[in-house]
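User: Hi! I have a structure I'd like to talk through with you. Could you take a look?

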2 protein chains.
Amino acid sequence: MAASDDSIPVESAARQREATPTIRDVARLAEVSIGTASKALNDNGRLSAETRQKVLRVARELGYRPNHLAQSLHRSKSMTVGILTNDSFGRFSFPIVEALEDRLADQRIAVFMCNATDDPERERRHLDQLLGKRIDGLVVTARRSDKRGSIEAYVRGIPVIYVFAQAEDADSLSLVPDDEGGARLAVEHLIKLGRKRIAHLTGPAHFEAVALRHRGYSAALGAAGLAEIPGFFRNGRWSEASGREAVAELFDGAAAPPDALFCGNDMIARGALDALRDRGIKVPEQVAIVGFDNWDVMVTGAQPPLTSIDMNLKALGREAGERLIAMIGGERMTGVRRLPCTLVVRQSSGGAA
Amino acid sequence: MAASDDSIPVESAARQREATPTIRDVARLAEVSIGTASKALNDNGRLSAETRQKVLRVARELGYRPNHLAQSLHRSKSMTVGILTNDSFGRFSFPIVEALEDRLADQRIAVFMCNATDDPERERRHLDQLLGKRIDGLVVTARRSDKRGSIEAYVRGIPVIYVFAQAEDADSLSLVPDDEGGARLAVEHLIKLGRKRIAHLTGPAHFEAVALRHRGYSAALGAAGLAEIPGFFRNGRWSEASGREAVAELFDGAAAPPDALFCGNDMIARGALDALRDRGIKVPEQVAIVGFDNWDVMVTGAQPPLTSIDMNLKALGREAGERLIAMIGGERMTGVRRLPCTLVVRQSSGGAA
DNA sequence: TTGAAAGCGCTAACAG
DNA sequence: CTGTTAGCGCTTTCAA
């Protein structure tokens, strides 16, 4: 494209004011009307192949790029969704958000990321921003110990999905992992391996997930005809230290310690594992361990590697994307869907193939 | 606001077609011209307090929300930036992205999140999306072992910043942690504590960070008049297993093992720590350990807790936001800025206060 | 102080 | 097959 400055006035003009070329520029240079150019570029309407080619060529040469802002204004679809996270659990939201973004990108939907940090004021401001940008849908994410107040009312008109978070409002859609089922999976696995004295070391009682997993634990024990042993269910913190403490209390000087530990997350499991090793108790020979989260760095770094429950966060994110697209398309969905967890067997439970 | 359906036709009309009210609706209902309404809402132009109040009141009642799309179209500023990440290091990008989003939100700039997963094709598609949406700036992030090709040429016209990633192109701006300085900090700390046989266990040689930290390690030793001991610099993987292996090789049957380990990340450090404990070697009494990344779950879960180098990723993200805003404002910046790392002392180095 | 009107860049009828 | 035109929702001169 060796053109002198005045032979293609429009182009040079565009260059001069450093502005992105518009469809006008393309039309002028291709010597067609602006409407024709639009048809060519959007590949609709009836047009001679020749004209179409010419327009497309000019557009390419000019580096023309349709202005989505203008398009959205017209179509009243922004091809944009917002995602509101609370950072407290970055490690959980990331895979979800990633998978969601991925799924949405397939439909050429872009994602606005907003982090509210559990601050209602910030949340409010972000929401204003997003609504101002005319997002087509909203995803709210981040596990919290309490159910979160619904924001449906505020965003009335566009679909909202809660992921890894549960709204109070019954006619919104929430997508969460099946905590109870996951716990059952873990405990059934241990029972199948012949363990009979299974303790559950978990997080603070005010987390709903803690309650649900407790229920799963009890259910699995009950189904196998095993009684829950007093003191074998322990609330604590989500940390390695908490796991170590629990082991100290359960094993030091106890007549009949557990022969298996089902832990509320991998950090607790890891702490427990270390504490057992310090005491010369063999894992999995004497005590089998199953964690929760299947967090690779924790799980593969441990010795022996940890058997754990995977919440399939990516699947959760993908599913959320899928549903959001459907809802944007007009479908209506409500309620709480619990997606299955998966058991990933490694050496710590002694159940590896 | 108890109005019968026909008393406020505009509003009910808006409700009926479920459309967000526009400035027209506000103007009509407030019985002013659309231009006047605009002035009132944007608080510019001269206007009687009375009219302004009336417009604002109507807007509030109607739930009016300015359409940023239309505003942007007019102002040719979208108040929007894109961020392009490569997921390989989710754990690193997250704090950066978070801080960046935070800083930008202060200026009411929203962030489009795109994940390219190191796939040039996806990257290209995302870039097209972003440019179509007329982003005012772009941040590219994610550590890679190799320098990344510049995308400046492609996005010509809007400012680009590389964070935690370094562009080949010399006239773009890159923000990275000062790996060399961080390493120096770690080694100086160990030297100050009287250690003389300091080994460096790190990641694969093809990472630039590995080379830089090696340089910092050597520099600190040299400055203290300590010779580098053959075999004490070890490339490996970024994993706990790698740390354990290194300890096996350095300590088992060696006449003169290290008295300190500076590790390329916290996982290596943690593996080394565990391996030492298995051998009955006391940390920090016999061997002091310093990690890198200051990754809380790793660092606080370890026993004893790990002294580590913090790359201040949040600061990096904030700084990136700051600079991007400046660049959007017209400032021009190029080159590679290295932001300082920080030493965080805990028990594993024996240097706690 | 307020209103009217010309666009921002694009699409979709509707004419020609 | 192609051109003209009326907006999408908003801001900003320029008149009144």
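User: Where does E31(B) lie?
Analyst: E31(B) is in the loop between α2 (23-30) and α3 of chain B. Keep in mind that this is a predicted model.

User: And what is phi there?
Analyst: Phi of E31(B) is near 60 degrees, a positive value in a residue that is not glycine. For background, most residues other than glycine have a negative phi.

User: Is E31(B) buried or exposed?
Analyst: E31(B) counts as exposed, because it has 11 C-beta neighbours inside 10 Å, and the cut-off for exposed is 12 or fewer.

User: What about F164(B), what is its phi?
Analyst: F164(B) also has a positive phi, near 60 degrees, and is a residue other than glycine. You'll find F164(B) in the loop between β4 (160-163) and β5 (173-177) of chain B.

User: Buried or exposed, that F164(B)?
Analyst: F164(B) is buried, with 27 other C-beta atoms within 10 Å.

User: Let's switch to the DNA. Which residues are closest to strand D?
Analyst: The closest are G35(A), T22(B), I23(B), G35(B) and A70(B), out of 27 residues that surround DNA strand D.

User: Which helices supply that surface?
Analyst: α3 (34-42) and α5 (68-75) of chain A, together with α3 (34-42) and α5 (68-75) of chain B, each supply at least two residues of the surface near DNA strand D. The largest share comes from α3(B), with 6 residues.

User: How many of those residues are charged?
Analyst: There are 2 charged residues in the surface near DNA strand D, next to 14 polar and 11 nonpolar ones.

User: OK, and which residues come nearest to strand C?
Analyst: T22(A), I23(A), G35(A), G35(B) and R46(B) come nearest, of the 26 residues around DNA strand C. Two or more residues of the surface near DNA strand C come from each of α3 and α5 of chain A and α3 and α5 of chain B. Here α3(A) gives the most, with 5 residues. By class, the surface near DNA strand C has 11 nonpolar, 14 polar and 1 charged.

User: Now the protein copies. How many residues of chain B are in contact with chain A?
Analyst: 38 residues of chain B are in contact with 38 residues of chain A. On the side of chain B that touches chain A, two or more residues come from each of α5, α6 (90-106), β2 (110-115), α7 (120-132), α12 (266-278) and α13 (296-301) of chain B. β2(B) has the largest share, 6 residues. The residues of that side divide into 13 nonpolar, 13 polar and 12 charged.

User: What rotation superposes chain B on chain A?
Analyst: A rotation of 180 degrees does, with 0.0 Å of shift along its axis and an RMSD of 0.1 Å. The two copies are therefore related as by a two-fold rotation axis. The same surface serves both copies, as 100% of the contact residues of chain B recur in chain A.

User: Which residue of chain B comes closest to the axis?
Analyst: That is F112(B), with its C-alpha at 2.3 Å from the rotation axis.

User: What about the overall form of chain A, what is its radius of gyration?
Analyst: Chain A has 28 Å, whereas a compact globule of 353 residues would be near 20 Å. The C-alpha trace of chain A spans about 95 × 45 × 35 Å along its principal axes. Chain A has 14 helices and 12 strands, and 48% of its 353 residues are buried.

User: Let's zoom in on α12 of chain A. How many of its residues are buried?
Analyst: 11 of the 13 residues in α12(A) are buried, so to speak mostly covered. Among them are M267(A), I268(A) and L273(A). The helix covers residues 266-278 and reaches 18 Å from its first C-alpha to its last, close to the 18 Å expected. After α12(A) comes G280(A), with a positive phi near 75 degrees.

User: Which peptide bond is cis in the loop that follows?
Analyst: The bond from V283(A) to P284(A) is cis, with omega near 10 degrees. P284(A) sits in the loop between α12 and β9 (288-292) of chain A. The bond from Q303(A) to P304(A) is cis too, with omega near -5 degrees, and P304(A) is in the loop between α13 (296-301) and β10 (307-310) of chain A.

Terms used. Residues numbered from 1 in each chain as written. Chains lettered and ligands numbered in written order. Predicted model: local features only at pLDDT ≥ 70, side-chain atom pairs only at ≥ 80, totals over all residues. Near = placed C-beta within 6 Å. Helix = DSSP H or I, 4+ residues; strand = E, 2+ residues; numbered from the N terminus. Nonpolar A, V, L, I, M, F, W, Y, C, P; charged D, E, K, R; others polar. Least-squares fit on C-alpha atoms with pLDDT ≥ 70 in both. Contact = placed C-beta atoms within 7 Å. Rg over C-alpha atoms; globule rule 2.2 N^0.38 Å. Buried ≥ 20, exposed ≤ 12 C-beta atoms within 10 Å, placed from the backbone. Expected span 1.5 Å × (residues − 1).
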